[in-house]
Amino acid sequence: MRIESCRKCGAELEIKQKCSVCKEGITCICKECHFETEEQIHLQCTLMNMDYKLLDARVA
Ligand SMILES: [Zn+2]
Ligand SMILES: [Zn+2]
């Protein structure tokens with residue numbers, strides 16, 4: 001994931017929350033003003049997560 005600079009003050013962003021599937025950052029927080037970016041939904045990861053959960057039911 002590309003780490004953008006803060007939209008408010010232009011400072012560097014830090015990853016706050018990571019995707020549970022690919023471990024890439026999905027939310028970032030500004031080190032300076034603590035502005036949080038919107039959560040970036042990974043569609044593929046979300047679908048993959050659902051697939052894993054549905055797999056057991058499908059096989060049975
Ligand atoms: Zn992901
Ligand atoms: Zn900032």
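Where is the place of E36 in this protein? E36 sits in the loop between β2 and α1, and I shall return to this residue after an overview.

Colleagues, a word first on the origin and conventions of what you see. This is a predicted model, in which local features need pLDDT of at least 70 and side-chain atom pairs count only at pLDDT 80 or more, while totals for chains, interfaces and linings use all residues. Residues are numbered from 1 along each chain as its sequence is written, and chains are lettered from A, with ligands numbered from 1, in the order in which they are written.

Let me begin with confidence. The mean pLDDT of the protein is 88, and 90% of its residues reach 70 or more; pLDDT is the predictor's confidence in each residue, from 0 to 100. Among the elements, β1 has the highest mean, 96, and α1 the lowest, 81. As a general caution, where pLDDT is low, the predicted coordinates should not be read in detail.

I turn to the overall architecture. The protein has one helix and two strands, arranged from the N terminus as β-β-α. Helices (H or I, at least four residues) and strands (E, at least two) are DSSP runs, numbered from the N terminus. The C-alpha trace spans about 55 × 15 × 15 Å along its principal axes. The radius of gyration is 15 Å, whereas a compact globule of 60 residues would have one near 10 Å. That radius is taken over C-alpha atoms, and the globule rule is 2.2 Å times the number of residues to the power 0.38.

How many of the 60 residues count as buried, as a percentage? The figure is 7%. A residue is buried if 20 or more other C-beta atoms lie within 10 Å of its own, exposed if 12 or fewer, and partly exposed in between, with C-beta atoms placed from the backbone. Of the contacts between residues at least 6 apart in sequence, 25% join residues at least 24 apart. Two residues are in contact if their C-beta atoms, placed from the backbone, lie within 7 Å.

Next, the hairpin. Strand β1, residues 13-18, and strand β2, residues 25-30, pair in the antiparallel sense over five bridges; strands pair if DSSP finds at least two bridges between them. L13 has C30 as its bridge partner in β2, and Q17 has T27. In a regular strand the side chains alternate between the two faces of the sheet.

Six residues lie between the strands of this hairpin, and K23 is found in that loop. K23 is not a glycine, yet it has a positive phi of about 65°. Why does K23 count as exposed? K23 counts as exposed because it has 10 C-beta neighbours inside 10 Å.

A second residue invites comparison. H34 lies in the loop between β2 and α1, the helix of residues 43-59. H34 too is not a glycine, and its phi is positive, about 60°. H34 is exposed because 11 other C-beta atoms lie within 10 Å. K8 is 26 residues away from H34 along the chain, and their C-alpha atoms are separated by 9.8 Å.

Finally, I return to E36. E36 counts as partly exposed because it has 14 C-beta neighbours inside 10 Å. Leaving aside neighbours within four places in sequence, E36 is in contact with K16, T27 and I29. Its C-alpha atom is separated by 16 Å from that of C19, 17 residues apart along the chain.

One of those contacts, K16, is found in strand β1. K16 counts as partly exposed because it has 15 C-beta neighbours inside 10 Å. With neighbours within four places in sequence again left aside, K16 is in contact with T27, C28, I29 and E36. K16 and I26 are 10 residues apart in sequence and 7.7 Å apart in space, C-alpha to C-alpha.
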